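Please walk through the fold below with an eye to its open and enclosed spaces, its aromatic rings and one of its strands.

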Amino acid sequence: MTAAILANGEFPKKEYPRYLLRSADVVVCCDGASYPRLGKLGIEPVAVVGDMDSLPAVQRKALGDKAVQVDEQDFNDLNKAFVWLRENYPDADDIHILGALGKSEAHALGNLSYLMYWEDRYSLAANGVNVEMVSDYNTAFVVPDSCGLHVGEGRKVSLFSTDQGLQVRSKGLRWPTDDVKFDYWFKATLNIASEDVISLEFNHPAPLLVVLD
């Protein structure tokens, strides 16, 4: 089952992220996301999830039972929507997150870090669940261990980790990552694939955030 979550960042303009919205079996919106614009694409969300601080009262009333209020403040609305989706649609094994980037650098950084957090907590990629964050400019996802990735020669590849003990030996990148210590986020950014397929060999399993331009 495919699912899409629309967050409250930039609404996608390009065809590919809009296609992911249109083709999803289930669409969930975060509180404050531009869900009325989905109607122009012929899309009806199954739920709008969040603390409801960004949803006008008239829209909330129109949503009825589709408005799902979650009051806790330890996690943002994207995490609330993601958890709701996992609890209510456990068969969703291909999840695309749109509108999570843009408008606010702080939100963008926080949202990207959730990809690593979810892998730590739920072992999604390790169990065959694909979770991607897609914008008009980038695709971001997590790999949990050594792997090969078909990215296309010449594509920009950035790698991030919160595990300073992680070492990643690479093949197929212009600048090998073998000696990179992931202590600052800039350490492995804007590399370039020198082959269609890149190989990443981990010294131990750990969520590695991959961002493709």
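The largest pocket holds about 330 Å³ of space, in what is a predicted model. It is lined by 21 residues, and those that lie nearest its centre are N8, D31, N76, D77 and H107. Two helices, α3 (77-88) and α4 (105-122), each supply at least two residues of this lining, and the largest share, 3 residues, comes from α3. By residue type, the lining of the largest pocket divides into 10 polar, 6 charged and 5 nonpolar residues.

The second largest pocket holds about 280 Å³ of space. Its lining counts 18 residues, of which L101, A108, L109, L112 and F160 lie nearest the centre. Here α4 appears again, for α4, β9 (156-160) and β13 (208-212) each supply at least two lining residues, and α4 gives the largest share, with 6 residues. The lining of the second largest pocket divides into 10 nonpolar, 5 polar and 3 charged residues.

Alongside these open pockets, the structure holds 1 cavity of 30 Å³ or more. Rolling a probe the size of a water molecule over the atoms shows where empty space is left. The largest cavity contains about 60 Å³ of space and is lined by E10, F11, P12, G99, L101, V134, S135, D136 and Y137. Of these lining residues, 5 are nonpolar, 2 polar and 2 charged. L101 thus belongs to the lining of the largest cavity and also lies among the residues nearest the centre of the second largest pocket.

The aromatic residues are the next topic. A pair of aromatic rings is described by the distance of the centres and the angle of the planes. A search of the whole structure finds 8 aromatic pairs. One of them, formed by F82 and W118, is stacked, with 3.8 Å from centre to centre and 5° between the planes. Because F82 lies in helix α3 and W118 in helix α4, this pair ties together parts that are 36 residues apart in sequence. Both rings belong to buried residues, since F82 has a relative accessibility of 0% and W118 a relative accessible area of 1%.

A second pair, F160 with W185, is edge-to-face, with 6.3 Å from centre to centre and 70° between the planes. F160 lies in strand β9, while W185 lies in the loop between β10 (168-171) and β11 (191-192), so that this pair ties together parts 25 residues apart in sequence. The two partners stand in unlike surroundings: F160 is buried, with a relative accessible area of 16%, whereas W185, at 43% relative accessibility, counts as partly exposed. F160 can also be placed in the account of the pockets, as it is one of the residues nearest the centre of the second largest pocket. The F82 and W118 rings, for their part, belong to one aromatic cluster together with F75, Y114, Y117 and Y122.

Which strand is largely enclosed by the rest of the structure? It is β7 (residues 139-143), because 5 of its 5 residues are buried. In a regular strand the side chains alternate between the two faces of the sheet. In β7 both faces are covered, with T139, F141 and V143 buried on one side and A140 and V142 buried on the other.

The strands that pair with β7 can now be followed in turn. Strand β6 (residues 130-134) runs antiparallel to β7 and is joined to it by 2 bridges, and the two form a hairpin with 4 residues between them. Within this pairing V134 stands opposite T139, and V134 is also one of the residues that line the largest cavity. β7 is also joined to β13 by 5 bridges, again in an antiparallel arrangement, and here T139 stands opposite L212. T139 therefore has a partner in each pairing, because it is matched with V134 of β6 and with L212 of β13, and it is buried along with the other residues of β7.The cysteines come last. A disulfide is a covalent bond between the sulfur atoms of two cysteines. The structure holds 0 disulfides; C30 is in none, and the nearest cysteine sulfur to its own, that of C29, is 7.6 Å away. C30 is buried, with a relative accessible area of 2%, whereas C147, at 22% relative accessibility, counts as partly exposed.

Notes. Residues numbered from 1 in each chain as written. Predicted model: local features only at pLDDT ≥ 70, side-chain atom pairs only at ≥ 80, totals over all residues. Heavy atoms only, no water. Disulfide = S-S within 2.5 Å. Buried < 20%, exposed > 50% of the residue type's maximum accessible area, 1.4 Å probe, protein only. 1 Å grid on protein atoms, 1.4 Å probe; cavity = no way out; pocket = protein on both sides within 12 Å on 5 of 7 lines; lining within 4 Å. Points joined across faces, edges and corners; volume = space filled by probe spheres on them. Nonpolar A, V, L, I, M, F, W, Y, C, P; charged D, E, K, R; others polar. Phe/Tyr/Trp six-rings, centres within 6.5 Å; stacked < 30°, edge-to-face > 60°. Pairing = 2+ DSSP bridges.
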